[in-house]
Amino acid sequence: MSTSTTTPDTRSGRPLRIWLGVDAAACAASGVLLAAASPWLPALLGYPVALLAPVGVFLVLFGAWLGAMASGRGLSRTAVRAAVAANAVWVAAALVLAVSGAFGATALGIAFVLVQAAAVAVIAWGEAAALRGAGPAPA
């Protein structure tokens, strides 16, 4: 098995699991908020329910996958790289959404998206840095 797909060893992989756990918790919390409060959020944020509810469901599912990796199930370098890449795409999409004026977002909606994008960028950076520091699992 190549080092690109091996599981980081437990000792050096602990920071990685912490970052994945933070990512999982943030995704789950944001997802539940967006999905559950989607009928009321359009008035505050300016984004429609048709955007907020599916994004919320996606975040809950993505958070569940991240949580499984944080617990050690499905944890591999390839999977973590995929999570970091998904987070990078999320940040880029959030920036485009915020600056495009799409959906007629309110100032609070734009701020919400920008703060969330900054948080996701920090988490993705932490996951990538922790992955670089995690050695492969002993054979």
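Is Ala68 buried or exposed? I looked up Ala68 and found it buried, at 17% relative accessibility. I use buried for under 20% relative accessible area, exposed for over 50%, and partly exposed for in between (1.4 Å probe, protein chains only). Ala68 sits in helix α3. I also checked a distant partner: Ala68 and Leu20 are 48 residues apart in sequence and 9.1 Å apart in space, C-alpha to C-alpha.

**Ground rules**

I am working from a predicted model, where local features need pLDDT of at least 70, side-chain atom pairs count only at pLDDT 80 or more, and totals for chains, interfaces and linings use all residues. Residues are numbered from 1 along each chain as its sequence is written, and side-chain values use heavy atoms, with hydrogens and water left out.

**Overall layout**

I counted the elements next. The protein has five helices and zero strands. Along the sequence the pattern reads α-α-α-α-α. Helices (H or I, at least four residues) and strands (E, at least two) are DSSP runs, numbered from the N terminus.

I then checked burial for the chain. The protein has 139 residues, and 37% of them count as buried. Its accessible surface is about 7,200 Å², with 76% belonging to carbon and sulfur atoms. Those areas come from the Shrake-Rupley method with a 1.4 Å probe; for residues, only the protein chains shown count as cover.

I looked at contacts too, meaning heavy atoms within 4.5 Å. Among contacts with a separation of 6 or more, 77% join residues 24 or more positions apart.

**The nonpolar core**

Which residues touch the most other members of the largest nonpolar core? I found Leu16, Leu20, Leu66, Met69 and Val80, in a core of 30 residues. The elements that give two or more residues to this core are α1, α2 (41-45), α3, α4 and α5. Helix α4 gives the most, with seven residues. A nonpolar core here is a set of buried Ala, Val, Leu, Ile, Met, Phe, Trp, Tyr and Cys residues joined through side-chain atoms within 4.5 Å. In soluble globular proteins, nonpolar side chains tend to be buried together.

I followed Met69 further. Leaving out residues up to four places away in sequence, Met69 touches Leu20, Gly74, Leu75, Ala79, Val80 and Ala83.

**Pockets**

I turned to empty space. The largest pocket holds about 270 Å³ of space. It is lined by 14 residues, and Val55, Trp90, Leu97, Val113 and Gln116 are the closest to its centre. Elements giving two or more residues to this lining are α1 (14-36), α3 (49-70), α4 (77-100) and α5 (107-133). The lining divides into 12 nonpolar, two polar and no charged residues.

The second largest pocket holds about 180 Å³. Its lining has 14 residues, with Cys27, Leu59, Trp90, Gln116 and Val120 nearest its centre. Here α1, α3, α4 and α5 give two or more residues to the lining. I noted 10 nonpolar, three polar and one charged residue in this lining.

My terms: on a 1 Å grid over the protein atoms alone, a pocket is an open set of points where a 1.4 Å probe fits, with protein on both sides within 12 Å along at least five of seven lines; lining residues have an atom within 4 Å of a point. Grid points are joined across faces, edges and corners, and a volume is the space filled by probe spheres set on the points. Ala, Val, Leu, Ile, Met, Phe, Trp, Tyr, Cys and Pro count as nonpolar, Asp, Glu, Lys and Arg as charged, and the others, Gly among them, as polar.

**Single residues**

Where is Pro42? I placed Pro42 in helix α2. Pro42 is partly exposed, because its relative accessibility is 22%. Not counting residues up to four places away in sequence, Pro42 touches Tyr47, Pro48, Val49 and Leu52. The C-alpha atoms of Pro42 and Thr106 are separated by 9.1 Å, with their positions 64 residues apart along the chain.

Ala85 lies in helix α4. At 40% relative accessibility, I logged Ala85 as partly exposed. Ala85 and Ala124 are 8.1 Å apart, C-alpha to C-alpha, and 39 residues apart in sequence.

I found Phe103 in the loop between α4 and α5. Its phi is near 70 degrees, a positive value in a residue other than glycine. Phe103 has a relative accessible area of 48%, so I entered it as partly exposed.

Ala107 belongs to helix α5. Ala107 is exposed, with a relative accessible area of 65%.
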